[in-house]
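Open the model in a viewer and keep the selection tool at hand. The stops below are meant to be taken in order.

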Amino acid sequence: MTSSSSRVTAQLELKAPPYPLDALEPYMSQKTLEFHWGKHHRGYVDNLNKQIAGTDLDGLTLEEIIVKSYNKGSPLPTFNNAAQAWRPIWNHDFFWSSMKPGGGGRPSGLVLELIEREFGSVEALLNEFKQAALTQFGSGWAWLGYVEGIAVNPSASPEHNKLVVVQTPDAVNPLVLDFYPLLVVDVWEHAYYLDYQNRRPDFVSTFIEKLISWDAVSERLEEAIAQAAHRVFLSSSL
């Protein structure tokens with residue numbers, strides 16, 4: 001789904017969010033970002049560096065580490081840190097870039113067209129997305145994804161590609177599933193506890209209404225469509 005040029009080294013660096021740590025206030029506080037990004041996210045990166053140093057995983061791409069350590073659904077300890085730390089696409093970095101100062105509002109263009117085709121309305125999509133976030137038991141994520149019809153039916157045409165809402169537990173991410181991620185909300189408790197305590201519904205509502213970057217969703221959809229078309233081309237040329 002993504003370029004394999006990014007290589008893991010024993011000194012993988014922590015990537016900063018694409019905005020100042022106080023930029024999402026008052027909806028997500030600087031204190032939350034300092035703890036969530038500066039401590040939790042940093043911890044995943046540091047632990048991954050320690051776990052892969054000198055092993056057969058050192059030198060693999062992060063994609064390869066995630067898939068290998070997922071172990072066909074029986075994750076090894078390395079998987080949690082790799083999936084949570086991987087940049088620039090998955091989990092934490094993907095979550096940071098799913099938000100922007102002055103976010104929320106409504107999508108437009110092709111994103112809006114596909115949402116209305118698949119869900120009937122933006123409101124229906126956001127309600128399903130919110131329910132996925134609220135009903136994810138314990139720690140996890142709620143995603144909006146783009147699925148290729150060919151992933152389900154090899155003879156499917158591009159018009160069978162569709163948007164889906166998906167829940168994943170713990171560190172599981174789209175790399176080990178079969179969809180392109182467009183949007184994610186983190187519902188691990190440390191993502192919101194300092195600002196919202198145990199009020200996950202308030203946090204998810206605020207994320208939807210005030211923080212979503214529909215620009216990022218649009219860019220990711222364009223990339224997903226291009227990659228899906230390339231995969232179809234490759235499969236048809238075999």
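## The whole chain

Colour the chain by secondary structure and follow it from the N terminus: the elements run α-α-α-α-α-α-β-α-β-β-α-α-α. That comes to 10 helices and 3 strands. Keep in mind throughout that this is a predicted model.

Switch to a colouring by accessibility. The chain has 238 residues, and 47% of them count as buried. Next, turn to the contacts between residues at least 6 apart in sequence; 76% of these join residues at least 24 apart.

## The segment before α1

Select E25 and P26. The peptide bond that joins E25 and P26 is cis, with omega at about 5°. P26 belongs to the segment before α1.

## H36 and its surroundings

Move on to helix α1, residues 30–52, and pick out H36 within the helix. Is H36 buried or exposed? The relative accessible area of H36 is 1%, and the cut-off for buried is under 20%, so H36 counts as buried.

Now show the residues around H36. Leaving aside residues up to four places away in sequence, H36 touches H41, H92, F95, W96, D186, H190 and A191. Add a distance between the side chains of H36 and H190: they make a polar contact at 3.5 Å.

## The sheet

Select the strands. The 3 strands form an open sheet, in the order β2-β1-β3, with antiparallel pairing. At the edges are β2 (162–169) and β3, each of which pairs on one side only. From one strand to the next, the twist averages 20°.

Add helix α6, residues 122–135, to the selection. Helix α6 packs on the sheet and touches β1, β2 and β3. The direction of α6 makes about 15° with that of β2.

Then hide the helix and look at β1 and β3 alone. Strand β1 covers residues 140–147 and pairs with β3 in the antiparallel sense, over 6 bridges. Two places to label along this pair are given by Y146, whose bridge partner in β3 is Y180, and by W143, which stands opposite V184 in β3.

How many residues of β3 are buried? The strand covers residues 180–186, and 7 of its 7 residues are buried. D186, one of the residues that H36 touches, can be labelled here as well.

## Helices α5 and α6

Bring α6 back and add helix α5, residues 109–119. Two packed helices are described by the angle between their axes and the distance between the axes. Here α5 and α6 pack at an angle of about 75°, and their axes are 8 Å apart. Angles from 65 to 115 degrees count as roughly perpendicular, so α5 and α6 are roughly perpendicular to each other.

Show the side chains where the two helices meet. From α5 the contact takes L112, I115 and F119, and from α6 it takes V122, A124, L125 and E128. By class, the contact of α5 with α6 has 6 nonpolar residues, no polar residues and 1 charged residue.

## The loop between α8 and α9

For the last stop, select α8 (193–196) and α9 (200–211), then Q197 in the loop between them. What is the sign of phi at Q197? Phi is positive there, at about 50°, although Q197 is not a glycine. The relative accessibility of Q197 is 33%, and therefore Q197 counts as partly exposed.

Notes
Residues numbered from 1 in each chain as written. Predicted model: local features only at pLDDT ≥ 70, side-chain atom pairs only at ≥ 80, totals over all residues. Heavy atoms only, no water. Buried < 20%, exposed > 50% of the residue type's maximum accessible area, 1.4 Å probe, protein only. Helix = DSSP H or I, 4+ residues; strand = E, 2+ residues; numbered from the N terminus. Pairing = 2+ DSSP bridges. Polar contact = N/O pair within 3.5 Å; in protein donor to acceptor, adjacent residues only side chain to side chain. Contact = heavy atoms within 4.5 Å. Axes fitted to C-alpha atoms, helices over the stretch in contact; angles between N-to-C directions. Parallel < 35°, antiparallel > 145°, perpendicular 65-115°, else oblique. Nonpolar A, V, L, I, M, F, W, Y, C, P; charged D, E, K, R; others polar.
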